[in-house]
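Hello,

Here is the structure I promised to pass on to you. Please have a look at it first, and then read my notes underneath.

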Amino acid sequence: MSLSKVTFINAEGQVLSGRLELPADQHPHNFALFAHCFTCNKNLGAVRNISRGLISKGFGVLRFDFTGLGESEGDFEDTNFSGNVEDLVAAAHFLAKEYKAPSLLVGHSLGGAASIFAAAKIDSIKAVATIGAPSNPKHVAHLLKSGLEEIQINGKATINLSGRDFTIKKQFLDDLETKSLPVIAKNLNKALLVMHSPQDTTVSVKNAEEIYHAAKHPKSFITLDGADHLLMRKEDSVYAGNVIAEWSSRYIEIPEEPKLKSQHHVVASLGNAEGYTTQMKVGNHYMIADEPESVGGHDFGPSPYEYVSAGLSACTAMTIKMYVARKGWDLQHVEVHTSYSKSHMIDCENCEDPTAKIDTFEREIKIEGNLDEKQITRILQIADKCPVHKTLHSETQVITTLI
């Protein structure tokens, strides 16, 4: 996973702070936007876990702080629900300009309601997933009940939410009164996934029913049975992220990688637009090879020499296991650590000459078990007899023909 800090400007000219996460082994096939819950921020554990579920399936994910929260500029007391919606639109414009327009919107709690409103304004969005979302933004008012009277009298009040004080102005409540989520959901014309816990005591599951019934098909509902509103248990948020990724794949375009075929044991395929990222079919397995970023690669996969080192390590471990199994020795575990470099030949007479350097594999073997010194010595001797080791030491030939 690749994580970077990004900033962009909202409709009011304020700088919003976000985190852009990308897959570790590929370019993102699509981008998703995440809208966090009321008074939360982009770093909530559930937000990170859900995002990483999407990233593991090839999405790039932008999670950011709404105006006045977290690291974003602005005063929270001057914000409202409409501003959150516009922040999402600004985030989508940022992705479209700098990377690729988002196709998926994910929103948690009030962020879920904001996502439905924002999706109606973002043409590139094909699918929306809500988690614990209220069916009407006005639902938030019940969280502010301790200060509603003061807000009506004085125009604002300081209210403690989840252990933190927030100033809420009357304009925030007035803005909520103008928003009808069922009307927006009915005319959304985007795929919708509603996720909710029957045990949610902050936003009851009845809200999910109202959103679902208001929306057109294609729509889906998945229960988050046993979860709390903030998905504080890691397994709940991880599950939600994985489900959203799989569900959305029916509604967004994911380019299909052509399956490599060959009569040889290995085939490597590299186009002119991938840098050094090489698609490979190794036996019946599909893999990626790449070069480090330091030499112009994306580091999406091991380098060619890392694959050679991997072959030596694996072959060594297997050879040792086969040998001790035949002997009936008590070997519990073996690890083989290998690194590749070019270094001077041992006892070389002309070490200053660049041609005196040879390919060198440094191999360290860790053995666990009830073994005596004689057995260990023999195991190390057998390690040098592994087939890959012998191949690296023997004269080889590569016969090349053009297909």
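Below is what turned up, going from the cores to the pocket, one helix and a few backbone details.

First, the ground rules. This is a predicted model, in which local features need pLDDT of at least 70 and side-chain atom pairs count only at pLDDT 80 or more, while totals for chains, interfaces and linings use all residues. Residues are numbered from 1 along each chain as its sequence is written, and side-chain values use heavy atoms, leaving out hydrogens and water.

The largest nonpolar core (buried Ala, Val, Leu, Ile, Met, Phe, Trp, Tyr and Cys residues joined through side-chain atoms within 4.5 Å) has 51 residues, of which Leu62 and Leu105 touch the most other members. Buried here means under 20% relative accessible area, exposed over 50%, and partly exposed in between, with a 1.4 Å probe and protein chains only. Helix α2 (residues 81–98) contributes the most to this core, nine residues; helices (H or I, at least four residues) and strands (E, at least two) are DSSP runs, numbered from the N terminus. Beyond four places in sequence, the contacts of leucine 62 (heavy atoms within 4.5 Å) include Val6, Phe8, Leu33, Phe94 and Leu95. Another core, of 29 residues, lies apart from the largest one and has Leu44, Ala191, Leu193 and Ala227 among its members.

Next, the lining of the largest pocket. By class, it has 15 nonpolar (Ala, Val, Leu, Ile, Met, Phe, Trp, Tyr, Cys and Pro), eight polar and six charged residues (Asp, Glu, Lys and Arg), with the others, Gly among them, counted as polar. A pocket is an open set of points on a 1 Å grid over the protein atoms alone, where a 1.4 Å probe fits, with protein on both sides within 12 Å along at least five of seven lines; lining residues have an atom within 4 Å of a point. Strand β13 gives the largest share of the lining, three residues.

Helix α10 (residues 373–383) buries Gln375, Ile379, Ile382 and Ala383. Seen down the helix axis, these buried residues fall within an arc of 105° (taken from the directions from the axis to the C-beta atoms), so they line one face of α10. Glu373 and Lys374 are exposed on the face turned away from that side.

Finally, the backbone. Histidine 217 and proline 218 are joined by a cis peptide bond, with omega about 5°; proline 218 is in the loop between α7 (206–214) and β10 (219–223). Asparagine 189 has a positive phi, near 60°, and is exposed, with a relative accessible area of 61%.

Happy reading, and best wishes!
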